[in-house]
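Hi,

Here is the structure I promised to send over. Have a look at it first, and then read on for what turned up.

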Amino acid sequence: MALKYFKHYERIYRGFFDHGIFIDPRIDDEYVNVSENDSRHGGNKILKTFKQLFNPLRVYCPHDKERAIENVTSTIKYLGNLEYLNSEKYMKLKLYQYFLEVYSSEKTKIGGDIIELFETTGYNPMFWNNSKDNWYEPKRLILTLDEIDILKSILIQSCDIDSVESQWPSTIQTSKFNIYEYFYNYLLLDWNIQIVPKRVMNKDTQTFVDYKLNPFMISDKEQRLKDEIISIKANYKLEDRIQFFK
């Protein structure tokens with residue numbers, strides 16, 4: 001099924017949409033603004049949820065790993081039982097499901113003042129300065145990487161959420177394999193579909209690893225749609241291609 005074309009996605013620009021937007025794949029024209037400041041589209045709430053999951057010591061200090069897993073599992077159950085999930089809650093659910101896999105990995109260490117996710121995820125959490133030499137100083141957060149960039153990478157690569165970018169015009173970031181089917185309408189209008197590797201949990205290594213589709217495994221349907229798009233673009237002007245939207 002092709003993603004419906006929304007012209008206002010062309011106006012996702014830096015300044016207000018500094019980090020682009022996340023597209024809700026379930027609901028036409030529902031999205032989340034990736035921003036700490038925009039409460040109207042839920043982006044700051046999703047970022048807050050991510051920060052808490054990426055470093056649970058920031059909010060609470062689980063006595064052990066099992067307690068952390070129990071907390072995440074109960075939230076997944078709660079969200080899964082809701083009759084309706086808006087875009088904000090849907091993307092929170094995707095994050096909780098991702099972090100359940102992270103927390104459950106034997107490579108992940110959680111407890112006391114320890115949080116080690118790098119071996120499992122490839123990302124370093126932000127960490128607290130708990131130096132005993134400076135016990136009189138308040139705990140302070142040491143930022144090691146841009147959290148929004150890490151959040152985007154996780155949602156796009158491991159949660160099947162796509163992003164309309166703001167730093168590049170008419171560009172969508174995705175890890176989907178069926179880009180000619182799903183982004184058919186956008187490709188017809190010369191959008192750039194930027195493909196990043198999908199990252200999945202390897203059950204043997206207990207780590208998230210890149211997973212790329214073998215080029216020989218591309219479906220006949222994908223190849224047919226690709227050829228169809230090329231043909232239409234070669235024979236019709238940009239403004240005339242909308243008649244072929246799916």
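Is Leu-213 buried, partly exposed or exposed? With a relative accessible area of 32%, Leu-213 is partly exposed. Bear in mind that this is a predicted model. You'll find Leu-213 in the loop between strand S11 (207-211) and helix H8 (220-235). Leu-213 also belongs to a nonpolar patch on the surface, together with Phe-177, Val-200, Tyr-211, Met-217 and Ile-218. Together these residues have about 540 Å² of accessible area.

Helix H8 has something of its own to show. Arg-224 and Glu-228 form a salt bridge there, with the closest N and O atoms 3.6 Å apart. The two are 4 residues apart in H8, so about one helical turn separates them. In general, an α-helix has 3.6 residues a turn, so residues three or four places apart point the same way. Both partners are partly exposed: Arg-224 has a relative accessible area of 46% and Glu-228 has 25%.

That pair is part of a longer story, as the whole structure holds 16 salt bridges. Two others caught my eye:

- Lys-107 pairs with Glu-119, the closest N and O atoms being 3.7 Å apart. Lys-107 sits in the loop between H3 and strand S3 (109-111) and Glu-119 in helix H4, so the salt bridge ties together parts that are 12 residues apart in sequence. Lys-107 is partly exposed at 25%, and so is Glu-119 at 49%.
- Lys-152 and Glu-165 meet at 3.0 Å, N to O. Lys-152 is in helix H5 (residues 147-158), while Glu-165 is in the loop between strand S7 (162-164) and strand S8 (171-174), 13 residues apart. Here both partners are buried, with relative accessible areas of 7% for Lys-152 and 2% for Glu-165.

There is also a network of salt bridges that links Lys-45, Glu-88 and Lys-92.

Back to helix H4 (residues 118-121), which also contains Thr-120. Thr-120 counts as buried because its relative accessibility is 0%. Leaving aside residues up to four places away in sequence, Thr-120 touches Val-102, Ser-105, Lys-107, Thr-108, Met-201, Gln-206, Thr-207 and Phe-208. Notice Lys-107 in that list, the salt-bridge partner of Glu-119.

Last, helix H3 (residues 87-104). Its 18 residues should span 26 Å at 1.5 Å a residue, and the end C-alpha atoms are indeed 26 Å apart. The rest of the structure largely encloses H3, because 13 of its 18 residues are buried.

Cheers

Key:
Residues are numbered from 1 along each chain as its sequence is written. This is a predicted model: local features need pLDDT of at least 70, side-chain atom pairs count only at pLDDT 80 or more; totals for chains, interfaces and linings use all residues. Side-chain values use heavy atoms; hydrogens and water are left out. Patches are made of residues with over 30% relative accessible area and no salt bridge: like charges are joined within 9 Å, nonpolar side chains (Val, Leu, Ile, Met, Phe, Trp, Tyr) within 5 Å. Accessible areas come from the Shrake-Rupley method with a 1.4 Å probe; for residues, only the protein chains shown count as cover. A salt bridge is a side-chain nitrogen of Lys or Arg within 4 Å of a carboxyl oxygen of Asp or Glu. Buried means under 20% relative accessible area, exposed over 50%, partly exposed in between (1.4 Å probe, protein chains only). Contact means heavy atoms within 4.5 Å. The expected span of a helix is 1.5 Å times one less than its number of residues.
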